[in-house]
Structure formats: C-alpha cells, structure tokens
Amino acid sequence: MSFQRRTHMAGELRKEQIGTRVVLNGWVDGVRDMGGVLFFDVRDRTGKSQCVLRPNAAGGTNSPNRPYETARKLRNEFVIAAAGDVRRRESPNPKLPTGEIEIEISSLEILNASEVPPFEVKEDTTANEDLRLRYRYLDLRRPSLQKNIALRHTVVKSIRDYFDALGFYEIETPILMKATPEGARDFLVPSRLHTGSFYALPQSPQLYKQVLMISGFDRYFQIARCFRDEDLRADRQPEFTQLDVEMSFPNEDIVYGVMENCLANVWSAIGLKLPSPFLQLSYHEAMSRFGTDKPDLRYGLEIQTLTEMVRGKTEFKPFLEVLEKRLGVIGAVVAPGGANWSRKQLDSLTDLAKVYGASGLVWIKVTPDGCDSSAKKFLSDDLLRDIRSVCGAQAGSNGAPGDLILVVSHPKWERAYTILGALRIELAKRLELLKGKEWEFAPAWITNFPMFEEDEESGTFTFKHHPFTSPDIRDWADRSEGLQHVRARAYDIVINGYELGSGSIRIHDRTMQEEVFDLLGLTREEQIQKFGFILEAFQYGAPPHGGMALGIDRIVMLCAGTENIRDVIAFPKTTSMQSLMDGSPSVIEERQLKELKIEISKEKT
C-alpha cells in the first residue's frame, strides 16, 4: 500500500515547526464541523495535533485529491495519513502540549476505516473494566495506558543499564522446568514425548540462579517472566515480571546497597525521588508497631502494646484469657478525633476486626468529661486513664472531638497485631491521612523474618519465605528452643504498603539444606527426587551467595500512581484468571489431548 509516510509524531509538534510542511500518520480523535470548516485531531502514541480543512482553501474542493470531501467521511478511530502546513492556532489550547499550533491540511488519505467502537476511546471513559479488557487493543489507545506502557519501558531500560554498569550478566533461565514447591501452585505443562510427565512454568528462577553462582558467574540479573497459579488481587497476576538478582560472596548490607541504588536510579529516570537510605525494621518491630510486614509509613497511627500494663488490673474475661497465654497480646490503635463516631461506625470497625480473627473489639472514647468505653463496667477509671496515657489519646478542646481508642486482644501475638494492622489501615482511609501524599514514597527494609511459620490448624511448620533461605546461624545452633524462634537471613523491600520484593542470603551447604528439608517433613528420598540436582551441586564448591527479586509490575504501578496492576500490563488477566480479549483459557481439541494422553475428568469440582 502506497501512502505518505509521517515526517513527525503528532504529539511532538510545537510553535518551532510553524511554516513547516508535515505528514502525520495516526488515528482520528474527534471530528468537528464548525460552519463548514472541518476540524479533526490526529492521535498517535505521543499525543495529538489539531488539523483544519476549509472548503475553498488550497487543497480544498478544487484540489485533485479532494481532501475536504475525504475529511467529511472521517469518523473516530479511522487510520489516516494527513499532510499540510503547520501554522499558529487562532485560539490556543493551554491544556495540550500542541495547543499553540494546528495543521492546514492539503492532502488526506484514509488508510483504514473503523467500525463504531464499543466504547469511546477517551481518558474519562465510563466503560467497565471487563468491556475494556475484551477490547484491550482499543483501551490501550487511551493516553494514560500508553503513558504507563512507555513508563514501563523506561523503568526496565534503567534497570538493565544500571546492572550492566555494575558488571552483572543478564542470563536467561528456562521457562520449562522441574516442578518444585515454592509456596504457590505450579502451572503444569504436559510433555508429549514423555507420557505422564510434566514441566512446570517457573514461579521464580530461584534454583537456576543459585546454580549460576555455583557455576562462577558471580553477578547475575534477569528480567524474568514468572507464573503462579494462585488467587488474584488488584496487585497480583498469574503471570508477572520480576527483576531477579543474585550475587556471590555478599552479606545483607551489600545486597541492600545494590538494590536501594537500583530503585533510586529507577525513580530518578522517571523524574521522581525516592528517599535513601531506606529505613530498616525487623519483622517483629514492623508487626508490633504497624500490624503488618508491609507497612505504609506515610502516616503514623502506630500500635501501642498494653499487655503488661493491663496485667493484674482487671478481671475482664477476654483480657484474662489472653494474659494467661505466653504469646498473648493486648494492643491498641488510636483514631484522632474519633470520639464522636456513631454506633454504626463503631460496629463496622468491630465487624472488620472479626473478619481478621478477633472475638470482639473494645472501644474507649476520650472526652473532656473522662473516658467512656464499651467495657466500662469491667475496666476501672484508673485503668482507662492509664490506657489513655500510654496511647497518648487527647480529650479534644474548642469544639474539636476527642480521640477514639480501639483495643484488641488475642492469644497469638501475630494474629493480634494483624487485626490491629487492619484497623490501622481502615482508620487511615476514614481519616483521609493519605490525601495529598499520593506522590510521597516511604521505603523500608523488613528484616529478620522468622525462618518457619506454624500452621494454625495442623500445628506443623513450613517455610516463611522459601526453603533455600539461610537461617541466622546463632538461632540455628539453638533451635532446640523451638522452630518459631529461628530467624532467617531474609529481607523484603516495602514501599507505601506494597511488598516490592523479597530476598535472602541462601543456604550453600548440603548438610544444612538437608536438615532444613528434614524439619519440613521431606524424607531423604523426596529430597533427592525434588532437589537432587541442587544438593549435588552444593558438593562441588558452592560459594556463599544471596540476592532478591523485585516485582516489575508493582514498581511501575507505584511509579504510575495507580492501585490496579492491570493498568501497567499490556495484556493482563482478570481476577478470575481469564484473558477476555483472546478467550483464554480455552478448551483443547480432543486430538491434542490424545497426543498428550490426557483425559479430562467429567467429575465436577
């Protein structure tokens, strides 16, 4: 097909191009007939420029190619080639970068017509997300999504440039690999040539990057595609992209320095600033102060622990039951100005606490007249004053309401702080504490995670991060005290309430790795079957090594200022793990199933 090729991108024209003849290739973004004078915008990925056509102007109705008549056929989303002279716009539009100019069209070609779109391609579309995902190729024409995808390109390029400058090699690891338990379900791929055998899509390149360290490559990174068959959230997808990094002979501080500088470099590349150095919080401190291992540090509302202060001062049964437990916790969080909240508002907070495992919620309203409480007949005035003092709650004055104290008790400390953490997040929403802080960033390292976590129902232990994480050698020597006391050399990066990534110093000794597997209940035969190759590799001079992985999708999501990870992925899945555009997952033909010797069960799940 022969047509005039673009000389400029539509969003790049400025007053400096006035008097220049230009050719634009792009999509029609609105047509307006102003008393016979036709205006239309040409849009491409850089933005849009206004074009104008007058019936009697050069290139008008008497022109050989009759562009005016062609322009009258234009509709939104037609693909065109438009040529003309750039001139100063009579009525500038300060909202557009190209708002000072327009193009007097002398030649116009329709390269492809368009059906009427199922929704209007504009920034403030009211179309629901499912419809936009069904026609994702139209949705991706919207400027905000095009900006997000361009931002993603800049982020990934800055990461590659950064690690290349530090002497890291980018090495690709397999997509078809051996199934290994890493905390989520694998996506399995049947092998046609090996009947009954399956590959797994990688949850991460964890074992391969450890093998690369054993192979002597010393510094590795990869922009890796990973897959996890797990339930979805707004910040999670079944297939995702992560920055995978591994180093030989590091300690935690070396990893921290490399990764902090990487993220600072990314933020700088897109014109933002990330505070450095990052705050460091132990897992225990993060939980006891903020009720989560991924705290949003842009606001306060820190949790206050009341356990020892309450001991011996009350006969309140819910408190006594917790005080009898060695790991029981009584804690509180304060809502500034919440003393005038209605019973309905308080009941909704109680319901939220119950969702997270609380049996109930005690509230205390602090006013100039004293403290009122939902448990007032069980808590003395002196105890209420002590709780108020520890929490720093104010009574209010000059017509301003006093504070509200929310008290939670639970026999398990992690559960108690998790409930309080959920209340802290809800209070921040109700109090609008993040208003005006959308472009503030509060990064932190969360360190000293527990090596193991106990299943509340079965009482068995599993790994907190993954089974290749090295334990703190001091705790490992004293593990007879209980596995719950063993800390791992593991760390997370969190920013604004999102976990951006996890990492650790790895086990590099076969004996220690086998002992960890033993504690997780794997027999030596199962260890060989599942992890024989890495155990064997440890016997041939495995260096100390460590690293981490960061979620590219979440990084871009934060940098784009959106809370929906689908906004920064070109072709995302829905929360039900479907691609509405291409219809996957789909039914496979019987012929293909027979080739793989697979039979679909008719039993309903």
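Q: Which residues form one aromatic cluster with Tyr162?
A: This is a predicted model, where local features need pLDDT of at least 70, side-chain atom pairs count only at pLDDT 80 or more, and totals for chains, interfaces and linings use all residues. Residues are numbered from 1 along each chain as its sequence is written, and side-chain values use heavy atoms, with hydrogens and water left out. Rings of Phe, Tyr and Trp (its six-membered ring) pair if their centres lie within 6.5 Å; planes under 30 degrees apart are stacked, over 60 edge-to-face, and the rest tilted. Tyr162 shares its cluster with Phe163, Phe168 and Phe221.

Q: How many aromatic pairs does a search of the whole structure find, and what kind do Tyr283 and Phe449 form?
A: The search covers the whole structure and finds 19 aromatic pairs. Tyr283 and Phe449 form one of them, 5.3 Å centre to centre. Their planes stand 40° apart, and the pair is tilted.

Q: How many residues apart are Tyr283 and Phe449 in the chain?
A: Helices (H or I, at least four residues) and strands (E, at least two) are DSSP runs, numbered from the N terminus. Tyr283 belongs to helix H7 (residues 283-290). Phe449 sits in the loop between strand S17 (443-447) and strand S18 (452-454). The pair links distant parts of the chain, 166 residues apart.

Q: Why does Phe449 count as buried or exposed?
A: Buried means under 20% relative accessible area, exposed over 50%, and partly exposed in between (1.4 Å probe, protein chains only). Tyr283 has 5% relative accessibility, so Tyr283 counts as buried. Phe449 has 1% relative accessibility, so Phe449 counts as buried.

Q: What kind of aromatic pair do Phe316 and Phe319 form?
A: Phe316 and Phe319 are both buried. Their ring centres lie 4.9 Å apart. With 75° between the planes, the pair is edge-to-face.

Q: Which residue follows H7 with a positive phi?
A: Within H7, the buried residues include Tyr283, Ala286, Met287, Ser288 and Phe290. Their cover includes strand S11 (279-282), strand S12 (304-305), helix H12 (413-430) and S17, where contact means heavy atoms within 4.5 Å. After the helix, phi is positive, near 75°, at Gly291.

Q: How many residues of helix H16 (residues 552-560) are buried?
A: Helix H16 is mostly covered. Its buried residues are Ile552, Asp553, Arg554, Ile555, Val556, Met557, Leu558 and Cys559. That makes eight of its nine residues.

Q: Where does the charged end of Arg479 sit?
A: A charge sits over a ring if NZ of Lys or CZ of Arg is within 6 Å of the ring centre and within 35 degrees of the ring normal. The charged end of Arg479 is 4.0 Å from the ring centre, over the ring of Trp476.
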